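Hi there,

Here is the structure I promised to pass on to you. Have a look at it first, and then read on for what turned up.

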Amino acid sequence: MAHTDLREFLKRLEKAGELKRITAPVDPTLEISEITQRVLRTGGPALLFENPTRGDMPVVMNVFGTERRMAMALGVDALDEIGQRIGGMLKPELPQGFSGLREALGKVTQLKNVPPKKVKTAPCQEVVYKDDAVDLNRLPGLQIWPGDGGIYHNLGLTHTKHPQTGVRNLGLYRLQQHSHNTLGMHWQIHKDSTAHHAVAERLGQRLPVAIAFGCDPAVSYAATAPLPGDIDEYLFAGFLRGERVEMVDCLTVPLQVPAHAMVVLEGYLEPGERAPEGPFGDHTGFYTPVEDFPVLHVECMTMQRKPIYQSIVTSQPPQEDGPIGKATERIFLPLIKLLIPDIVDYDLPEAGVFHNCCIVSIDKRFPKHAMKVMNAVWGAGLLSLCKLVVVVDADCDVHDYREVAFRAFGNVDYAHDVLLTTGPVDHLDHASYQQFWGGKLGVDATRKLPTEGYHRGWPEEMRMSPEVIATVDARWREYGL
């Protein structure tokens with residue numbers, strides 16, 4: 001099910017009992033954050049704060065805070081459905097017979113729905129402020145933690161283009177409000193928009209930027225997806241929605257934005273300009289230090305007549321980005337398996353903030369197979385930032401952390417079954433002794449083979465006989481337990 005805009009999705013959530021309206025005045029400085037975290041940690045609903053004490057519009061939080069709402073946002077009953085759709089489209093077989101031809105045509109039909117559609121007029125441009133009329137204080141931006149450097153906008157979808165190729169990028173980066181018309185752009189070293197800015201600076205050019213708030217939830221998710229740089233996020237959003245995303249030309253910069261966004265900021269980055277950004281309480285659970293980042297000068301601000309401002313809390317898990325990360329894990333499984341065919345399944349634990357740990361299961365076939373997979377994971381896109389890779393056998397459920405721990409604690413001789421190396425780590429990683437790179441560990445928790453030097457004879461794991469299990473199942477009520 002495609003949602004026209006954020007407002008339509010919120011109506012659906014409210015009808016399903018998944019949204020709560022808060023009419024009491026609430027302060028966007030710390031108070032909204034504390035309320036949101038308490039509700040999120042109990043699996044509670046999305047929250048619409050109708051009367052924030054700063055800004056000119058309501059604030060909605062915790063929209064993606066459960067896997068159920070994340071699935072609703074993407075129009076499915078379960079997140080694995082999208083991965084299965086992608087897996088079906090990746091099948092290389094030629095169509096066989098009429099049924100196969102019909103299936104192949106169905107795949108083509110999905111692709112026809114994908115390209116974004118340009119429109120001339122858009123709800124996001126119903127109200128326009130330019131130049132001296134621009135005032136970012138109209139937005140109820142949040143201060144989430146006491147030590148934050150000020151007001152932050154955490155769910156602004158940032159649009160840039162490569163200055164030479166014109167390839168568009170859509171990303172999600174935190175934005176610190178420096179003044180009524182400037183923002184700090186915290187885009188990290190591994191991000192595509194950083195590359196666009198580097199090219200513009202080399203050419204001595206300003207980089208145009210547009211930021212959209214309160215978009216259709218499929219578009220918001222697409223901004224977080226770890227897509228290759230040559231894949232348009234709006235193609236992916238169209239695939240997720242099953243409908244084309246409507247886009248409109250910005251008024252002052254040569255970029256397009258979602259026509260049904262709630263608020264859009266248009267501006268530019270001056271080459272060579274930097275300003276201190278931070279500190280900020282990030283999803284790692286720690287404050288990130290002050291660093292110099294580019295400055296966005298906002299020259300135009302457009303919005304719907306009655307906009308809703310959407311944001312997100314960042315902190316130690318669990319948080320709203322947990323279900324977003326789980327969606328990425330499930331949606332991209334077929335692509336990961338295409339890149340690394342050895343993988344049966346994988347899990348990115350939320351406690352590892354989705355880049356500190358990766359649990360992988362394999363159908364082990366040869367000596368040091370687990371080591372091969374570890375190195376493949378460290379060479380696969382943003383999985384290259386993963387610090388710990390745990391490899392288990394195919395009969396281990398990677399999502400059952402008790403079972404994974406049982407294998408990792410009991411099946412490993414740490415003199416033989418670990419791989420220690422170095423490589424790139426996340427920009428926000430505070431544990432690495434050098435920024436951007438550090439140590440990585442692979443743990444082989446699979447059954448060991450004689451060809452790997454293990455000659456003791458791997459023991460058989462205890463399993464109850466199926467006949468006894470069936471008998472006890474059938475007689476369970478008789479036991480009175």
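How many bridges join S4 to strand S12, and do they run parallel or antiparallel? Three bridges join the two, and S4 and S12 (residues 246-249) run parallel. Please keep in mind throughout that this is a predicted model.

**The sheet around S12**

S4 and S12 belong to an open sheet of three strands, ordered S4-S12-S13, in which the pairing is mixed. Strand S4 (117-119) and strand S13 (256-258) are at the edges with a single partner strand each, so one side of each has no neighbour in the sheet. From one strand to the next, the twist averages 45 degrees. If you want a residue pair to start from, Val-119 has Val-248 in S12 as its bridge partner.

**The four-stranded sheet**

There is also an open sheet of four strands, again with mixed pairing, and its order is S1-S2-S3-S20. Its edge strands are S1 (19-22) and S20 (309-310), each of which pairs on one side only. Strand S3 (residues 59-61) and S20 run parallel and are joined by two bridges. Within that pairing, Val-59 has Tyr-309 of S20 as its bridge partner. Helix H1 (residues 6-15) packs on this sheet and touches S1, strand S2 (46-49), S3 and S20. The direction of H1 makes about 105 degrees with that of S1.

**Annotated regions**

UniProt has two domain annotations that you may want to lay over the model, both from an unreviewed entry. One, "domain: 3-octaprenyl-4-hydroxybenzoate carboxy-lyase-like N-terminal", covers residues 10-86 according to that record. In the model, this span is 39% helix and 14% strand, with its end C-alpha atoms 27 Å apart. The other, "domain: 3-octaprenyl-4-hydroxybenzoate carboxy-lyase-like C-terminal", is listed by UniProt for residues 324-445. Here the chain is 28% helix and 26% strand, and the end C-alpha atoms lie 28 Å apart.

**Cysteines**

How many disulfides are there? The count comes to zero. Cys-124 is in no disulfide, as the nearest cysteine sulfur, that of Cys-250, is 7.7 Å away, while a disulfide would need the two sulfur atoms within 2.5 Å. Cys-124 is also buried, with a relative accessible area of 0%. For Cys-396, the closest cysteine sulfur is in Cys-357 at 12 Å, which is too far for a bond. Cys-396 is buried as well, at a relative accessible area of 4%.

**Salt bridges**

Searching the whole structure gives 29 salt bridges. I picked out three pairs for you to look at.

The first pair is Asp-80 with Arg-330, where the closest N and O atoms are 3.3 Å apart. This salt bridge links distant parts of the chain, since Asp-80 is in helix H4 (residues 80-90) and Arg-330 is in helix H9 (residues 321-331), 250 residues apart. Asp-80 is partly exposed, with a relative accessible area of 32%, whereas Arg-330 is buried, with 8%. Both residues take part in a network of salt bridges that links Asp-80, Lys-326, Glu-329, Arg-330, Asp-345 and Asp-347.

Next come Asp-393 and Arg-447, whose side chains meet in a salt bridge at 3.2 Å, N to O. Asp-393 lies in strand S23 (residues 388-393), and Arg-447 is in the loop between strand S25 (437-444) and helix H13 (466-475), so the pair ties together parts that are 54 residues apart in sequence. Which of the two is buried, and which is partly exposed? Asp-393 is buried, with a relative accessible area of 6%, and Arg-447 is partly exposed, with 29%.

The last pair is Glu-403 and Arg-407, with the closest N and O atoms 3.1 Å apart. Both sit in helix H12 (residues 401-410), four residues apart, which is about one turn of the helix. Glu-403 is buried, and Arg-407 is buried too.

That is what I have for now. Happy browsing, and best wishes!

Key:
Residues are numbered from 1 along each chain as its sequence is written. This is a predicted model: local features need pLDDT of at least 70, side-chain atom pairs count only at pLDDT 80 or more; totals for chains, interfaces and linings use all residues. Side-chain values use heavy atoms; hydrogens and water are left out. UniProt positions are given in the numbering used here, feature names are shortened, and annotations may be inferred rather than shown by experiment. Two strands pair if DSSP finds at least two bridges between them. Contact means heavy atoms within 4.5 Å. Axes are lines fitted to C-alpha atoms, for helices over the stretch in contact, and angles run from 0 to 180 degrees between N-to-C directions. Buried means under 20% relative accessible area, exposed over 50%, partly exposed in between (1.4 Å probe, protein chains only). A salt bridge is a side-chain nitrogen of Lys or Arg within 4 Å of a carboxyl oxygen of Asp or Glu.
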